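Please open the model in your viewer and keep the sequence panel beside it. The tour below moves from one selection to the next and says what is to be found at each stop.

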Amino acid sequence: MMAQRHAFCFIVGHMSGHDHDHHHDHDHSELSETQLRVRALETVLTEKGYVDPAALDAIVEAYETRIGPRNGAAVVAKAWCDPAFKQGLLADASKAVATLGHVGRIGDHLVAVENTPKIHNMVVCTLCSCYPWEMLGLPPIWYKSAPYRSRAVKDPRGVLEDFGVSLPKDTEIRVWDSTAETRFLVLPMRPAGTDGWSEQQLAEIVTRDSMIGTGLPKHPGSTS
Amino acid sequence: MDGIHDMGGMDGFGKVESEPNEPPFHETWEGRILALQRAMDYAGAWHIDHERFARERLPPQVYLTSSYYQKWALAMEMNVVERGLASPEELRAGHALKPGKTLKRKLTPAVVQDGLTRGSFFRQQQAPAKFKIGDRVRTLNIHPKTHTRLPRYARGKLGMVELCHGCHMFPDSVAINLGDNPQWLYTVVFDGRELWGADADPKLKVSIDAFEPYLEPA
């Protein structure tokens, strides 16, 4: 019964200290409790007529199979090959991306920011988990974690070190905290040694992290 | 509110740990709660800032020890109950005991793409923009007890307007059911030393997206 009381302490608005004197290990029992709660939510909201489980299936399937960093990689690769597209992307990213049928529909408020030899851009959401998910899929756990959210705005070079990235001292680091509905996509620099590559080849070396600003594109010739 | 969610600049959380080949979901229920959120958004049950404000109101010790999607589940329970869409008894029973309210629309497989496309946050302007690109501004030193998108580390700081994103619904109003209250939205950029003092990285610049009511001329 303790588990049950604990599970619903928030929604009834009375939380006494003893409900929280245990640790929330992510162990089996805790997950089972969460599974039960989420199942209860889904059942109640379905029976109330608010949601359709078949639509929920389709959403899960879309995130598992279709919506991922390859969308953003295609945009970056095109910008590397097509100066007019790049110009349009930097001027109005929502509009430019909407012209690419294969990337799919995106909403408003996308802004692309360009890395140069002088400026390295990095994107964070210190308040929650805002992320350009139509371009990059669901945010990775580290992006939503306290270490990243706390340090990215104060010690971005330290964060980059955690990712094995070291930038010259005189490179300006520009951190974009996504505090409203604008979503930022980093346009990384095209690596040397990729002259004549097709957009498809280029897209292969554009990593998710390079579009968040915590990584760089893969080296040409790298197999990983 | 000055909650635990407002993490920018805090020390002590340790290294950023990346998980190689991270799957979209680690547990089946994570996908379900995400999909429920998208479906309830589509239905017009609440706005994204109601979701955020509910998570912000989780007790700090719960916020820090719950996984990301566990926080979503807790916050959704709060919104469902607070907005009268189901009762605590129903959530406890795991079944509806009364008929539901009428919502604006329902996400079905036929329109699922609409549930995956972000809505527009643009709203009709109520007044001309007070600031233009290049203007020096100072963020206000405000500490509302309710939802705001002005992070603590960027309050009372001198910055420059770099971009104007048009007029958007105002989260601080939406989250407490005062309506869209449209406001101009700007990217405001700060020097690292303005935020973190003389020892900050001299090559650091940080920007936030700031709604006009957060700003005054400087």
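**Where the two chains share a sheet**

Begin by selecting strand β3 (residues 172-177) of chain A together with strand β4 (residues 204-211) of chain B, which pair in the parallel sense over five bridges; strands here are DSSP runs of E with at least two residues, helices are runs of H or I with at least four residues, both numbered from the N terminus, and two strands pair if DSSP finds at least two bridges between them. This is a predicted model, in which local features need pLDDT of at least 70 and side-chain atom pairs count only at pLDDT 80 or more, while totals for chains, interfaces and linings use all residues. Residues are numbered from 1 along each chain as its sequence is written, and chains are lettered from A and ligands numbered from 1 in the order in which they are written.

Within this pair of strands, show A:Ile173, which stands opposite B:Leu204 in β4(B), and then A:Val175, which stands opposite B:Val206 in β4(B). In a regular strand the side chains alternate between the two faces of the sheet.

**The whole sheet**

Now widen the selection to the open sheet of seven strands, whose order is β2(A)-β3(A)-β4(B)-β3(B)-β2(B)-β1(B)-β5(B), with mixed pairing. At the edges stand β2 (119-124) of chain A and β5 (215-217) of chain B, each with a single partner strand, so one side of each is left without a neighbour in the sheet. Neighbouring strands of this sheet are turned by 35 degrees against each other on average, direction ignored, where the axes are lines fitted to C-alpha atoms, for helices over the stretch in contact, and angles run from 0 to 180 degrees between N-to-C directions.

**Strand β3 of chain B**

Select strand β3 (residues 183-191) of chain B next, where seven of the nine residues are buried; a residue is buried if 20 or more other C-beta atoms lie within 10 Å of its own, exposed if 12 or fewer, and partly exposed in between, with C-beta atoms placed from the backbone. On one selection, add strand β2 (residues 158-168) of chain B, which runs antiparallel to β3(B) and is joined to β3(B) by six bridges; here B:Cys167 has B:Trp184 as its bridge partner in β3(B). On another, add β4(B), which is joined to β3(B) by seven bridges and also runs antiparallel, and look for B:Asp191, whose bridge partner in β4(B) is B:Lys205.

**The side of chain A that touches chain B**

Colour the contacts between the chains: 76 residues of chain A are in contact with 84 residues of chain B, two residues being in contact if their C-beta atoms, placed from the backbone, lie within 7 Å. On the side of chain A that touches chain B, α3(A) gives the most, with 13 residues.

**Chain B as a whole, and a last stop**

Show chain B alone, with its eight helices and five strands; of its 218 residues, 43% count as buried.

Finally, return to chain A and select A:Gln201 in helix α12 (residues 199-205). Is A:Gln201 buried or exposed? With 12 C-beta neighbours inside 10 Å, A:Gln201 counts as exposed.
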